[in-house]
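Let us take a look together at how a protein meets a DNA strand, and at a pair of helices beside it. Here is the model.

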2 protein chains.
Amino acid sequence: MTKPKHAVRAVDAIDTRILTILDAEARISLSELAGRIGLSAPSTSDRLRRLVDAGVIHAFTIEIDPEALGYPIRALVRVRPLPGRLRIVQKMIEDLPYVVECDKVTGDEAFLARLYARSIPHLDEMLEALADDAVTHTTIIKGSPVRRRLPPLG
Amino acid sequence: MTKPKHAVRAVDAIDTRILTILDAEARISLSELAGRIGLSAPSTSDRLRRLVDAGVIHAFTIEIDPEALGYPIRALVRVRPLPGRLRIVQKMIEDLPYVVECDKVTGDEAFLARLYARSIPHLDEMLEALADDAVTHTTIIKGSPVRRRLPPLG
DNA sequence: ATTGAAAACTCTTTACC
DNA sequence: GGTAAAGAGTTTTCAAT
């Protein structure tokens with residue numbers, strides 16, 4: 001293989017439109033997509049396949065509303081594992097299903113986890129479970145000035 | 001209207017299956033989805049429509065690979081606006097297209113932004129742009145032990 | 001709330017330019 | 001990248017439970 005599967009790929013103006021449209025409405029049909037970008041269906045199909053094959057599009061997914069699912073509390077938790085407890089803490093985070101996302105980052109606070117909770121006591125209970133192995137710093141999300149969006153493309 | 005549009009909705013075991021399947025593959029057809037959950041196409045269509053109408057499913061979207069798009073650097077930036085600069089800083093964050101997500105949180109560090117950068121100098125340049133109006137604390141993402149996933153449903 | 005059947009419609013792919 | 005056409009598959013409607 002000359003090129004790695006996830007090589008940086010040139011994304012032209014049409015690909016950019018495809019990504020932008022699918023970012024907003026991932027379930028539209030190929031022909032609808034083709035119509036919007038002004039290409040034929042086969043060409044559109046080709047391009048979409050290439051974007052997926054190149055790994056630019058990693059997945060088609062849904063955005064759910066945590067509140068509608070009974071999670072009124074969203075929190076961001078910085079987690080600093082106690083010395084020697086990094087692995088254990090990472091496993092605890094991975095196994096906590098209310099953690100919907102967690103990044104490993106530079107610095108002593110090795111993890112930044114996004115946590116959904118049914119209530120403040122529920123949140124507290126989860127944080128206490130970590131307390132023996134890590135120091136946590138928690139902030140409650142009050143709003144999202146920037147909702148998940150695409151970066152500049154191309 | 002008796003119920004608000006985004007009321008908490010009971011999500012039963014079948015809805016859970018629908019959400020789980022679409023979270024992984026949002027573009028499968030209705031009939032494929034119906035087949036996987038063991039319901040007829042019309043019932044599946046009804047349920048899906050209800051999940052969307054109730055706001056449980058907020059959007060169908062794509063997950064892109066930042067690296068494949070030329071963003072090898074992902075950073076999490078905590079932003080503490082200087083006194084009186086909260087509004088200005090929020091606007092700066094919103095207007096910075098490399099910020100792909102930003103939450104407003106409790107505490108002095110009012111914002112937590114997820115930033116994509118083409119290089120370290122590129123990252124630095126963006127942080128400097130904020131330096132007159134805010135104190136920032138930046139961590140580089142080294143990995144994601146928990147990739148975006150659904151919380152427990154039902 | 002769910003189903004089966006059928007109609008009507010749409011989509012995707014293939015082949016070729 | 002486009003066109004055209006075939007074949008495949010899809011979604012909706014409806015009556016019934």
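Axes here are lines fitted to C-alpha atoms, for helices over the stretch in contact, and angles run from 0 to 180 degrees between N-to-C directions. Helices (H or I, at least four residues) and strands (E, at least two) are DSSP runs, numbered from the N terminus. This is a predicted model, where local features need pLDDT of at least 70, side-chain atom pairs count only at pLDDT 80 or more, and totals for chains, interfaces and linings use all residues. Residues are numbered from 1 along each chain as its sequence is written, chains are lettered from A and ligands numbered from 1 in written order, and side-chain values use heavy atoms, without hydrogens and water.

In chain A, the axes of α2(A) and α3(A) cross at roughly 100° and come within 9 Å. The two helices are therefore roughly perpendicular (65 to 115 degrees). Contact (heavy atoms within 4.5 Å) involves A:Leu30, A:Leu33, A:Ala34 and A:Ile37 on α2(A), and A:Ala41, A:Thr44, A:Ser45 and A:Leu48 on α3(A).

Now to the DNA. Among the residues around DNA strand C (a heavy atom within 4 Å) are A:Pro42, B:Arg47 and B:Arg50. Of the strand C atoms within 4 Å of the protein, 78% belong to sugar or phosphate. Three serine side chains have an N or O atom in polar contact (N or O pairs within 3.5 Å) with a phosphate oxygen of that strand:

| Side chain | Distance to phosphate oxygen |
|---|---|
| A:Ser29 | 2.9 Å |
| A:Ser45 | 3.1 Å |
| B:Ser43 | 2.8 Å |

With five residues, α3(B) gives the most to the surface near DNA strand C.

Technical notes: A polar contact is a pair of N or O atoms within 3.5 Å; within protein, one must be able to donate a hydrogen and the other to accept it, and residues adjacent in sequence count only if both atoms are side-chain atoms. Angles under 35 degrees count as roughly parallel, over 145 as roughly antiparallel, 65 to 115 as roughly perpendicular and the rest as oblique.
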